[in-house]
Amino acid sequence: MTREHDNHSWRQAPPPPFYDEVIKEGKVRENKAHGQLTITYQGPCPCCLGQTVSVTPLTVIPSDDQGIRGQSAGEPFTVTMECACLTVHPNTPEGMRGCGHEWEVTVR
């Protein structure tokens, strides 16, 4: 099945039927530096199919006896990502881009 970018209205709902399949096509990376944990999703937006790089910063909590604890301690956790494709979809608020759709990725 060939899929193309869908320039639908901003924050369209519900998500398309291929949503879960498309999320798996993206790459999720984590980067820990200077007390900051950054999660990056790079790939197609599961809603509009536009190529996106969505970055979500999280706070890393230092711990005296265990190094870094909390979300970065090796336990899987979920992070909310938002479409940041370069397209300005119809009805997109001024100064924003992408389709406005949010989704969750699991970081392991």
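Analyst: Two strands are said to pair if DSSP finds at least two bridges between them. Strands (E, at least two residues) and helices (H or I, at least four) are themselves DSSP runs, numbered from the N terminus. This is a predicted model, in which local features need pLDDT of at least 70 and side-chain atom pairs count only at pLDDT 80 or more, while totals for chains, interfaces and linings use all residues. Residues are numbered from 1 along each chain as its sequence is written, and side-chain values use heavy atoms, with hydrogens and water left out.

User: How many bridges join S6 to strand S7?

Analyst: Six bridges join strand S6 to strand S7 (residues 102–107), and the two run antiparallel. Within this pairing, threonine 78 has threonine 106 of S7 as its bridge partner.

User: Which residues of strand S6 lie on its covered face, and which on its uncovered one?

Analyst: In S6 (residues 77–82), Phe77, Val79 and Met81 make up the covered face. Thr78, Thr80 and Glu82 make up the uncovered face.

User: How should a salt bridge be read, and how many salt bridges are counted?

Analyst: Side chains of opposite charge can pair when their charged atoms come close. The rule asks for a side-chain nitrogen of Lys or Arg within 4 Å of a carboxyl oxygen of Asp or Glu. By that rule there are two salt bridges. One joins the side chains of arginine 11 and glutamate 82, at 3.6 Å from N to O. Because arginine 11 lies in the segment before helix H1 (19–23) and glutamate 82 in strand S6, the pair ties together parts that are 71 residues apart in sequence. A salt bridge also links arginine 11 with glutamate 102, at 3.8 Å from N to O. Glutamate 102 belongs to strand S7, so this pair ties together parts that are 91 residues apart in sequence. Through shared partners, Arg11, Glu82 and Glu102 form one network.

User: Is arginine 11 of that network buried or exposed?

Analyst: Neither word applies: buried means under 20% relative accessible area, exposed means over 50%, and partly exposed lies in between (1.4 Å probe, protein chains only). Arginine 11 is partly exposed, at 43%. Glutamate 82 is also partly exposed, at 24%, and glutamate 102 is partly exposed, at 42%.

User: What is the geometry of the aromatic pair of tyrosine 41 and tryptophan 103?

Analyst: Rings of Phe, Tyr and Trp (its six-membered ring) pair if their centres lie within 6.5 Å; planes under 30 degrees apart are stacked, over 60 edge-to-face, and the rest tilted. The count comes to one aromatic pair. Tyrosine 41 and tryptophan 103 meet edge-to-face, 5.2 Å centre to centre, with 75° between the planes. The pair links distant parts of the chain, with tyrosine 41 in strand S2 and tryptophan 103 in strand S7, 62 residues apart. Both tyrosine 41 and tryptophan 103 are buried.

User: How many disulfides does the structure hold?

Analyst: A disulfide is a pair of cysteine sulfur atoms within 2.5 Å. The structure holds zero disulfides. For cysteine 45, the nearest cysteine sulfur is that of cysteine 99, 3.7 Å away. For cysteine 48, the closest is in cysteine 85, at 3.9 Å, too far for a bond. Cysteine 45 is buried, at 0% relative accessibility, and cysteine 48 is likewise buried, at 0%.

User: Where is leucine 49, with its positive phi, placed?

Analyst: Leucine 49, which is not a glycine, has a positive phi of about 70° and sits in the loop between strand S2 (36–44) and strand S3 (51–59). Leucine 49 is buried, at 12%. Asparagine 91 also has a positive phi, near 70°, and lies in the loop between S6 and S7. Asparagine 91 is exposed, at 64%.
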